[in-house]
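Reader: I should like to learn how the features of a protein model are read, one after another. Where should we begin?

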Amino acid sequence: MPAPVPLGTVAELRRALDSGATRSRELVERALARAEALEPALHAFVSLRRDAALADAAEADARIRAGAPSSPLDGVPIGLKDNLAMAGEPCGCASRILEGYVSPFDATAVARLRAAGAVVVGRTNMDEFAMGSSTEHSAYGATRNPWDPSRSPGGSSGGSAAAVAAGVVPLAFGSDTGGSIRQPAAFTGVVGLKPTYGRVSRFGLVAFASSLDQIGPFARTADECALALDVVSGHDPRDSTSLPESPTRCREALDGRVAGLVIGLPREYLAADGADADVLRAVLDAARELEKAGATLREVSLPHTRYAVATYYLVATAEASSNLARFDGVRYGRRASGARSLTELYERSRSEGFGAEVKRRILLGTYVLSAGYYDAYYRKAQQVRTLLRRDFAAAFEGCDALLTPTAPEVAFRLGERTADPVRMYLSDVYTVSANLAGLPAVSLPCGFAGGLPVGLQLLGRAGDDAAPLRLADAYQRRTRFHEARPELVG
Amino acid sequence: MSRIGRAEVERIGHLARLRLEPAEAEALARDLDAILRHVAELATVDTDGVAPTAHVRALATPLRNDVAVRSDVSQLVLAAAPEREGDAFLVPPVLEGEDEG
């Protein structure tokens, strides 16, 4: 069966819905049909929500017909990563330990999306518990990159990235703990936003590393990501780390003007021995494009960058080992049968339920928090985290945004890195620092290398999600890389 | 020199409530050793007098008003339990045969 044609952007769908040229039911039908047709090739989804999505769409159609759409997202089909809770739907984190688990509640971000009328069509594949950079560590098998199915879409939110890149949905959500939105966005040629830490409530996002995790959107354009952030952001009393601020109004800040903005080029991220030459060339061309648009470029230094990946893997695994202690076979998820003691129940349920990468990280985190190693590893990493934050504070004294590659390379081949965890971790070298420092960062397509998309990363000051989005939007108004679509899926 | 061996991985596994097969523990010891070698470079960073960052936001524990609110999810929460008895989660004996190494 040929896949139906890709869906357009949120803005295009909005116009078509409001003019009566189409209905939400039709868009949802098309999204579901395209998802099903592409599933054998891509495996972007772990589950689809057919009848319930069509029922939601019918309600959206009634609102739109009455001339009272709830929001710019009303009636628009979206995808959700499998770690975002939605009442009555599975929330499995692509893990065996949560097989069959159905969430009794909505994540705050999901509740806001539903209140805005967005129609969830399916749950997207991911690395188990968001631990990975390739979507290969999924209990349900790897997602493939729409630009080349022999390659990874990146990870851990690879399913959401692939679904948007393949035109199944115009908008999908993921989570980013060390690059899990931005790196897959780069690998699949779409836009991915990790908001400022605390901008989006983490309530209902299954916790991986709580001081780093943020929910964020994928779309083809920065404009749609800004719109999505405006919908899901804002203080939530159920997440005491959420910023005590109203929802953002980023979209109205996108007027294409960047004159007066100063963009820092961190020399450690642009060194010739870091990223692939083709990636660097595309990223520096993008910097010059923004300069032509009126922004000022300035070289800056973030001297502790080389320690970021090590710092990240100590902090993130320590937090993960603690967060994942909740999976014990008692209250939800997989339970080993026939255990004769509580300890045996815990050990067997967890050993049977967790995959290899999750075990590796729980063990590393437990090790670095254990007596005798805490100071040498965990406390040391927290101190270096302070130095990384100081680097950014100094750089942002003279800049409004920083410009870097999102990843040092284009999408790598499936299977190429799974045997070498350290090499896999190093694909996050340019993304982890934004999480450690709590900064907003967006990845957007800025060219191709060997036929594969190259990602440009723009970082902002903590709290200033608008600046990187504004630059990204201005860039997309002047270029057409985001309009390219992978051939495989038409 | 290896930083971590199979016996250490098994000890940590018990702390993390993970039961590891011998071959699995062997492989994990190799992986963790490689990771620890990579992160060892942090030891070269001068962090004298640098305060650790546990969190990027200055966290205080907020108090909410002491007001009762209705929550109707208890049955849904219990329904997700693999084994329950009435309104309780069912577990094997907690004390009998316990081994808290």
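Author: We begin with strand pairing: two strands are said to pair if DSSP finds at least two bridges between them. The model before us is a predicted one. In it, β5(A) and β10(A) pair in the antiparallel sense over 3 bridges, and the bridge partner of A:Lys194 in β10(A) is A:Ala441.

Reader: How many bridges join β10(A) to β11(A), and what form do these two strands take together?

Author: There are 8 bridges between β10(A) and β11(A), which run antiparallel. One of the pairs is A:Phe448 with A:Pro453, the latter in β11(A). The two strands form a hairpin with 2 residues between them, and A:Gly450 in the turn has a positive phi of about 60°. As to its surroundings, β10(A) is mostly covered, with 7 of its 9 residues buried.

Reader: In what order do the strands of the sheet lie, and which are the edge strands?

Author: The idea is to follow the pairings from strand to strand. Here they give an open sheet of 11 strands with mixed pairing, in the order β1-β3-β2-β4-β6-β5-β10-β11-β9-β7-β8 of chain A. The edge strands, β1 (45–48) and β8 (296–300) of chain A, each pair on one side only. On average, neighbouring strands of this sheet are turned by 30° against each other, direction ignored. In a regular strand the side chains alternate between the two faces of the sheet.

Reader: In which sense does β7(A) pair with β8(A)?

Author: Strand β7 (residues 262–266) of chain A and β8(A) pair in the parallel sense, over 5 bridges. Within this pairing, A:Leu265 stands opposite A:Glu299 of β8(A). Helix α8 (residues 277–292) of chain A packs on the sheet, where it touches β7, β8, β9 (401–405), β10 and β11 (452–460) of chain A. The direction of α8(A) makes about 115° with that of β10(A).

Reader: Which strands does α7(A) lie across, and how many of the residues of α7(A) are buried?

Author: A general point comes first. An α-helix has 3.6 residues a turn, so residues three or four places apart point the same way. In this structure, α7(A) lies across β4 (171–176), β5 (191–194), β6 (214–219) and β10 (441–449) of chain A, and runs at about 145° to β6(A). The helix, residues 222–232, is mostly covered: 11 of its 11 residues are buried. Among them are the charged residues A:Asp223, A:Glu224 and A:Asp230. Just after α7(A), A:Gly234 takes a positive phi of about 115°.

Reader: How is burial read for a single loop residue, and why is A:Phe354 counted as buried?

Author: A residue is buried if 20 or more other C-beta atoms lie within 10 Å of its own. A:Phe354, in the loop between α10 (342–353) and α11 (356–369) of chain A, has 25 such atoms and is therefore buried. Leaving aside neighbours within four places in sequence, A:Phe354 is in contact with A:Ser95, A:Ile97 and A:Lys359. The C-alpha atoms of A:Phe354 and A:Glu128 are separated by 8.3 Å, although the two residues are 226 residues apart along the chain.

Reader: Is A:Gly92 buried or exposed, and which residues does A:Gly92 touch?

Author: A:Gly92, found in the loop between β2 (77–81) and α4 (108–115) of chain A, is buried, because 26 other C-beta atoms lie within 10 Å. Not counting residues up to four places away in sequence, A:Gly92 touches A:Val46, A:Asp82, A:Leu98, A:Glu99 and A:Tyr101.

Reader: What is the radius of gyration of chain A, and what percentage of the residues in chain A is buried?

Author: The radius of gyration of chain A is 21 Å, close to the 23 Å that the globule rule gives for 490 residues, so chain A is as compact as a globular protein of that length. Buried residues make up 65% of the 490 residues. The secondary structure of chain A comes to 15 helices and 11 strands.

Reader: How many residues does each chain give to the contact, and how do α1(B) and α2(B) cross?

Author: The contact takes 46 residues from chain B and 55 residues from chain A. On the side of chain B that touches chain A, α2(B) gives the most, with 7 residues. That side divides into 30 nonpolar, 6 polar and 10 charged residues. Within chain B, the axes of α1(B) and α2(B) come within 8 Å and cross at roughly 100°; the two helices are therefore roughly perpendicular to each other.

Terms used: Residues numbered from 1 in each chain as written. Chains lettered and ligands numbered in written order. Predicted model: local features only at pLDDT ≥ 70, side-chain atom pairs only at ≥ 80, totals over all residues. Contact = placed C-beta atoms within 7 Å. Helix = DSSP H or I, 4+ residues; strand = E, 2+ residues; numbered from the N terminus. Rg over C-alpha atoms; globule rule 2.2 N^0.38 Å. Buried ≥ 20, exposed ≤ 12 C-beta atoms within 10 Å, placed from the backbone. Axes fitted to C-alpha atoms, helices over the stretch in contact; angles between N-to-C directions. Parallel < 35°, antiparallel > 145°, perpendicular 65-115°, else oblique.
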